[in-house]
Amino acid sequence: FVKLMDERGVVFQHAVINLPASGLDFIDCFASVQSSPSAFVHCYTFVPPDGFGGPVEKAERLGYRNATVREVRDVAPNKRMVLLSFQLPPAEEKANKKQKV
């Protein structure tokens, strides 16, 4: 879906991934799409009680900026729902990465 929207020239400003069980599997889809300079992605996901850093690390590995996590709710003794938010890099940054590869 994200690739199709990008091919149609849709420029992302905000996207919400409300699939907590698998949302992190989809955040890499935004690495090459057109986005406004202030575009953000918000992804709900599950983490263990001590795993708040995992989603941020994944976002940073993909080159996303200003990644933050906030707790949404406690869903089970060893499972918390969190909201990962991150900013997509500007188009110029993406173009520079492609040229370096």
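The paragraphs below lead through this predicted model, from its overall fold to its core, its aromatic pair and its largest pocket.

The protein is built from three helices and four strands, and, read along the sequence, these elements follow the pattern α-β-β-α-β-β-α. Of its 101 residues, 39% count as buried. Among contacts between residues at least 6 apart in sequence, 65% join residues at least 24 apart.

In soluble globular proteins, nonpolar side chains tend to be buried together. Here the largest nonpolar core has 19 residues, and within it Ile27, Phe30, Leu84, Phe86 and Leu88 are the ones that touch the most other members. The elements that contribute two or more residues to this core are α1, β1, β2 (35-47), α2 (53-61) and β4 (79-87). Leu84 can serve as an entry point for inspecting this region: once its neighbours within four places in sequence are set aside, Leu84 is in contact with Leu24, Ile27, Val41, His42, Cys43, Pro55, Val56, Ala59, Ala67, Thr68 and Val69.

Phe86, another of the core residues that touch the most other members, also takes part in an aromatic pair. A search of the whole structure finds one such pair. Its partners are Tyr64 and Phe86, whose ring centres lie 4.3 Å apart and whose planes meet at 10 degrees; because planes under 30 degrees apart count as stacked, the pair is described as stacked. The pair links distant parts of the chain, since Tyr64 sits in the loop between α2 and β3 (65-76) whereas Phe86 belongs to strand β4, with their positions 22 residues apart in the numbering. Tyr64 and Phe86 are both buried.

The last feature to follow is the largest pocket, which has a volume of about 200 Å³. Its lining is made up of Phe1, Val2, Lys3, Phe12, Ala15, Val16, Ile17, Leu19, Phe26, Cys29 and Phe30. By class, this lining has ten nonpolar residues, no polar residues and one charged residue. Two elements, α1 (2-7) and β1 (12-17), each supply at least two of the lining residues, and the largest share, four residues, comes from β1. Phe30 connects this part of the account with the earlier one, as Phe30 lines the pocket and is also among the core residues that touch the most other members. The elements α1 and β1 likewise appear in both places, for each gives two or more residues to the core and at least two to the pocket lining.

Terms used:
Residues are numbered from 1 along each chain as its sequence is written. This is a predicted model: local features need pLDDT of at least 70, side-chain atom pairs count only at pLDDT 80 or more; totals for chains, interfaces and linings use all residues. Side-chain values use heavy atoms; hydrogens and water are left out. On a 1 Å grid over the protein atoms alone, a cavity is a set of points where a 1.4 Å probe fits but cannot get out, and a pocket is an open set with protein on both sides within 12 Å along at least five of seven lines; lining residues have an atom within 4 Å of a point. Grid points are joined across faces, edges and corners, and a volume is the space filled by probe spheres set on the points. Ala, Val, Leu, Ile, Met, Phe, Trp, Tyr, Cys and Pro count as nonpolar, Asp, Glu, Lys and Arg as charged, and the others, Gly among them, as polar. A nonpolar core is a set of buried Ala, Val, Leu, Ile, Met, Phe, Trp, Tyr and Cys residues joined through side-chain atoms within 4.5 Å. Buried means under 20% relative accessible area, exposed over 50%, partly exposed in between (1.4 Å probe, protein chains only). Contact means heavy atoms within 4.5 Å. Rings of Phe, Tyr and Trp (its six-membered ring) pair if their centres lie within 6.5 Å; planes under 30 degrees apart count as stacked, over 60 as edge-to-face and the rest as tilted.
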